[in-house]
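Open the model in your viewer and show it as a cartoon. This tour goes from one selection to the next.

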Amino acid sequence: MCKFHTTRRDFLKGAGALAAVSTLPVSLVELAFADTAKNFTFAYISDSHIQHVKGTQFVRNWDRGLIRAVAETNLLTPKPDFVMFGGDLAQLGKKEELDHGAELLARLNYDFKCVMGEHDYYLDLGEYWSKLYGPHYYSWDHKGVHFVTLNSVLTYDEWTHERWPSAEQRMLEMAGLDNPNGSPFMVGAKQREWLRQDLEKVSRQTPVVVFSHSPIQKIYKGWNFWTEDAEDVQALLQPFRDVTVVYGHVHQIQYNQIGNISFNAVMATAWPWPYPESYAQAVHHLPKVTIPMNRADPFFERDATGWQLIDIDTGRVSTKYNLYNNQNRVVAYNPETGRPEDTVFQKPEARISPQVHY
Ligand SMILES: [Fe+2]
Ligand SMILES: [Fe+2]
């Protein structure tokens, strides 16, 4: 198990032992300070997509992913200060799904907070979710770190309020991955103004951690790995010395560094999405991806899942992975090249070739 003042070796050793019995997409985020007495960790679970079938029946695979992640998080020693759930708790935003997700998350032995996902939002625009989990966006301070949770899955008013004959249809339109009727996600002007005012009170030296569901960067619009007003949100965050954005939604490993902001995706407990460049043959827009991972296989539920430890003491990407059927690897910011780099860079000839898109 991971230690509080874990070294990379301790973590990988512990994670390796865990991987022998299970490979769960639980992320542990460590905040390390010059004064190590102030160090703390929090855990992150995301994208469970609890799906109602009928009555008390739910899709078992998605249930099991969340149940196992919760159980394993409860076993962490020492204990994380809190747990974040990264959004897409439900599949189609139904009360049954949100209730069932709440029931499973209630088994956590820690306080937890939630991020809004599009699968939670587009049936009733987050109304029932709010009854269970509180406001759609909020901030708080914890041990000298300023945390912000955004609802990044809003979109244009016309699309939200006028286009669809029913709320169910709207939900279905947003639930697809490769959907030409989709509309780009955004944080929106109202929430950006709230963020601007929220950050005004925070010292530029204070570490800032932002939780969003979609990436606050533009990766691939066709699948909404995208936030329409990403640059505007980034501009509000750039003045701070260390900013770390942690996001779900993409169900795959991604990381990036833009100025002082590090971006870290966490994996899903439900299923892995394929990589845009391997499945859709689409160019993605991460400025520099140094870790072209083997493509995620949608037919293998644990592909591209595993443990990751995000070290956010510096505001630079530093993530340690222990993946299913993969080598332990570390992605760390290289001050000489000014970008995150992978310790186990995959040579192009060693990668699984892109699949044919039928
Ligand atoms: Fe998701
Ligand atoms: Fe999502």
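Which residues does Val 246 touch, not counting residues up to four places away in sequence? Select Val 246 in this predicted model. Its contacts are Val 29, Tyr 44, Val 209, Phe 211, Asn 264, Val 266 and Ile 310. Val 246 also belongs to the largest nonpolar core, which has 69 residues. Tyr 44, Phe 85, Val 210, Val 245 and Val 246 have the most contacts inside that core. In soluble globular proteins, nonpolar side chains tend to be buried together.

Next, select residues 243-247, which are strand 10, and add strand 12. The two run parallel and are joined by five bridges. Thr 244 has Ser 262 in strand 12 as its bridge partner.

Stay on strand 12, residues 261-265, where five of five residues are buried. Ile 261, Phe 263 and Ala 265 point one way, while Ser 262 and Asn 264 point the other. In a regular strand the side chains alternate between the two faces of the sheet.

Now add strand 11, which pairs with strand 12 in the antiparallel sense over four bridges. Ile 258 is the bridge partner of Ile 261. Two residues lie between the strands of this hairpin, and Gly 259 takes a positive phi near 60°.

Zoom out to the whole sheet: six strands in the order 7-8-9-10-12-11, open and with mixed pairing. Strand 7 (138-142) and strand 11 (255-258) are the edges, each pairing on one side only. At the strand 7 edge, five bridges lead to strand 8 (residues 145-149), and the two strands run antiparallel. There, Trp 140 stands opposite Phe 147.

Last, select helix 3, residues 95-105. Glu 97, Leu 98, His 100, Gly 101 and Leu 105 are buried. These residues lie on the same side of helix 3 because they cover an arc of only 165° around the axis.

Technical notes
Residues are numbered from 1 along each chain as its sequence is written. Chains are lettered from A and ligands numbered from 1 in the order in which they are written. This is a predicted model: local features need pLDDT of at least 70, side-chain atom pairs count only at pLDDT 80 or more; totals for chains, interfaces and linings use all residues. A nonpolar core is a set of buried Ala, Val, Leu, Ile, Met, Phe, Trp, Tyr and Cys residues joined through C-beta atoms within 7 Å. A residue is buried if 20 or more other C-beta atoms lie within 10 Å of its own, exposed if 12 or fewer, and partly exposed in between; C-beta atoms are placed from the backbone. Two residues are in contact if their C-beta atoms, placed from the backbone, lie within 7 Å. Two strands pair if DSSP finds at least two bridges between them. The arc is that of the directions from the helix axis to the C-beta atoms.
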